Amino acid sequence: MSTQNSEFTAVVHDAAEIVTIEEEGSLGIYEDAAIAVVDGEVARIGATGPVTREYPPEDAQFAVDATGKAVIPGFIDPHTHALFAGDRSDEFEAKLQGKTYQEILAEGGGILRTVRAVREASDEELLSNLFSHLDTMLAHGTTTVEIKSGYGLDTETELQMLDVIARADDQHAVDVIPTFMGAHAVPEGRDADDYVDEVVREQIPAVAEQGIAQFCDVFCEEGVFSVEQSRRVLEAGEKHGMTPKVHAEELAHIGGTQLAAELGATSADHLLYATREDIDAVVESGVVPVLLPGTAFGLGAEFADARAFLDAGAPIAIATDFNPNCYSQSMGFAASLSCVEMGMTPKESLVAGTKHAGMALDMADGAGTLQPGTPGDIAVLDAPSYVHVPYNFGVNAVETVLKNGQVVHRA
Ligand code: NIG
Ligand code: FE
């Protein structure tokens with residue numbers, strides 16, 4: 001048998017446990033186990049003895065001895081704004097002094113400040129910033145990430161951002177899923193309706209022609225884009241082949257979740273101020289709720305009510321929301337906050353950062369599960385159990401990462 005499989009990609013063996021995500025979000029836990037990857041896809045998981053007899057480590061392109069370690073699916077981070085220039089560490093300090101996110105934005109800071117920095121940056125600067133953030137994400141076990149445009153707020157810079165996102169996807173081990181978010185803020189000196197006209201008439205057709213964005217997102221928020229304006233943007237995006245996503249009820253409740261449900265959006269994200277009706281609407285419409293506990297943490301805000309969504313049967317996903325206002329690339333930290341601040345169990349946080357996160361990005365069935373036939377996207381922990389991801393808060397539990405069965409990171 002070993003000759004027949006002599007071309008296989010990888011075997012991770014002698015793991016203390018290998019964790020898979022099963023149907024309905026339960027975990028499969030294999031002890032003293034091995035996982036074999038052939039042609040980039042999971043071929044077999046089971047006890048180390050039989051798996052390594054069929055797939056001997058010495059014949060593998062990559063062999064990882066995981067003695068004493070836990071093995072989990074690579075994280076899928078379904079909501080980030082990871083492409084930007086500069087940082088806003090001074091705003092972090094201002095927020096600690098009591099300034100609100102909205103006050104900073106109203107003074108031309110926040111998103112608008114990052115827009116100025118991005119417009120001044122070259123393609124190469126943007127790409128190199130993004131590469132360094134993707135490296136950090138990968139080192140923390142993230143193997144797929146969604147990245148939004150939205151720091152251009154004009155056609156040329158939005159297209160440039162999407163182009164850089166596509167180049168990063170080509171060149172970096174992490175898979176990148178691109179989202180167009182021209183309606184991320186109202187540019188300085190512009191009227192919101194007038195800017196929405198530009199997004200609908202000019203930006204969306206140009207983005208569709210460029211052909212890079214899979215999703216179209218909007219900041220449906222008090223003082224930013226109303227439900228009506230958001231609907232115009234998302235309907236135009238859909239007409240041009242982009243699937244809707246919504247930033248909903250992040251700073252106030254204005255109805256973005258109901259809009260997401262009405263349009264059949266793939267996800268509604270943030271949901272800090274979601275109501276009972278909103279929870280019922282996402283469950284009925286099959287919209288994936290994406291919760292971003294790092295954002296609430298950074299804003300000093302109340303966390304979303306994860307328990308209410310879970311009790312209603314919603315497939316909660318979690319994400320980092322990595323951006324200059326929420327400066328963490330770590331899905332492990334998001335998992336810690338999910339458990340400690342949102343009442344989720346370690347098991348629920350793992351499913352939320354893998355399988356459900358894949359659903360929030362319309363990925364192929366089985367993404368983020370490590371089931372046979374799915375991509376060999378794997379994180380090996382420097383710890384004996386998956387629980388250490390949220391338990392060891394503030395510390396990266398990930399040691400080795402495989403993407404499609406190739407070792408792409410070793411601590
Ligand atoms: O998801 N709310 C809008 N967008 C981001 C923040 C982006 C920024 O502040 O630069 C979010 O929180
Ligand atoms: Fe966001």
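Me: Which residues does UniProt list for "domain: Amidohydrolase-related"?
Reply: This model is predicted. The domain comes from an unreviewed UniProt entry. The range listed there is residues 71–408.

Me: How far apart are the end C-alpha atoms of residues 71–408?
Reply: Over this stretch the chain is 44% helix and 17% strand. The C-alpha atoms at its two ends are separated by 15 Å.

Me: At which residues does UniProt place the feature "binding site"?
Reply: The record is again an unreviewed entry. It names three histidines and one aspartate. They are His-79, His-81, His-247 and Asp-321.

Me: Why can these residues be said to gather at one spot?
Reply: In sequence they span 243 residues. Their C-alpha atoms tell another story, so look at the distances between them. The residues gather because no two of these atoms are more than 12.2 Å apart.

Me: Which of these residues does the lining of the largest cavity include?
Reply: Take the binding-site residues from the UniProt record. Check them against the cavity lining. The lining includes His-81, His-247 and Asp-321.

Me: Which residues coordinate the iron ion (ligand 2)?
Reply: The distances run from 2.0 to 2.7 Å. The histidines each use NE2, and the aspartate uses OD. The donors are His-79, His-81, His-247 and Asp-321.

Me: How are the donor residues of the iron ion (ligand 2) spaced in sequence?
Reply: Start with two histidines, with one residue between them. Then come 165 residues, another histidine, 73 residues and the aspartate. Written as a pattern, that is H-x1-H-x165-H-x73-D.

Me: How many residues apart in sequence are the parts tied together by His-247 and Asp-321?
Reply: His-247 lies in strand E10, residues 243–248. Asp-321 sits in the loop between E13 and H13. The pair therefore ties together parts whose separation in sequence is 74 residues.

Me: Is His-79 buried or exposed?
Reply: His-79 lies in the loop between strand E6 (75–77) and helix H2 (89–96). Its relative accessibility is 0%. Buried means under 20%, so this cut-off is met. His-79 counts as buried.

Me: With which side chain does the side chain of His-79 make a polar contact?
Reply: Beyond its neighbours within four places in sequence, His-79 is in contact with several residues, including Glu-146, His-247, Asp-269 and Asp-321. The polar contact spans 2.8 Å. The partner is the side chain of Asp-269.

Me: What is the relative accessible area of Asp-321?
Reply: Asp-321 lies in the loop between strand E13 (317–318) and helix H13 (331–342). Leaving out residues up to four places away in sequence, Asp-321 touches Asp-77, His-79 and His-81, among others. Asp-321 is buried, with a value of 2%.

Me: Which residues are closest to ligand 1?
Reply: In total, 16 residues surround this ligand. The closest are Arg-88, Tyr-101, Tyr-151, Glu-250 and His-270.

Me: How far is an oxygen atom of ligand 1 from an N or O atom in the side chain of Asp-321?
Reply: Asp-321 is also a donor to the iron ion (ligand 2). Elsewhere on ligand 1, a nitrogen atom lies 2.8 Å from a polar side-chain atom of Glu-250. For Asp-321 and an oxygen atom of the ligand, the distance is 2.9 Å.

Me: Which side chain makes a polar contact with the side chain of Thr-155?
Reply: Thr-155 belongs to helix H6, residues 155–171. Thr-155 is buried, at 13% relative accessible area. The contact spans 2.8 Å, and the partner is Glu-202.

Conventions
Residues are numbered from 1 along each chain as its sequence is written. Chains are lettered from A and ligands numbered from 1 in the order in which they are written. This is a predicted model: local features need pLDDT of at least 70, side-chain atom pairs count only at pLDDT 80 or more; totals for chains, interfaces and linings use all residues. Side-chain values use heavy atoms; hydrogens and water are left out. UniProt positions are given in the numbering used here, feature names are shortened, and annotations may be inferred rather than shown by experiment. On a 1 Å grid over the protein atoms alone, a cavity is a set of points where a 1.4 Å probe fits but cannot get out, and a pocket is an open set with protein on both sides within 12 Å along at least five of seven lines; lining residues have an atom within 4 Å of a point. Helices (H or I, at least four residues) and strands (E, at least two) are DSSP runs, numbered from the N terminus. Buried means under 20% relative accessible area, exposed over 50%, partly exposed in between (1.4 Å probe, protein chains only). Contact means heavy atoms within 4.5 Å. A polar contact is a pair of N or O atoms within 3.5 Å; within protein, one must be able to donate a hydrogen and the other to accept it, and residues adjacent in sequence count only if both atoms are side-chain atoms. Donors are N, O and S atoms within 2.8 Å of the metal (3.2 Å for Na, K and Ca); water is not among the atoms, so sites may look incomplete. A residue is near a molecule or strand if one of its heavy atoms lies within 4 Å of it.
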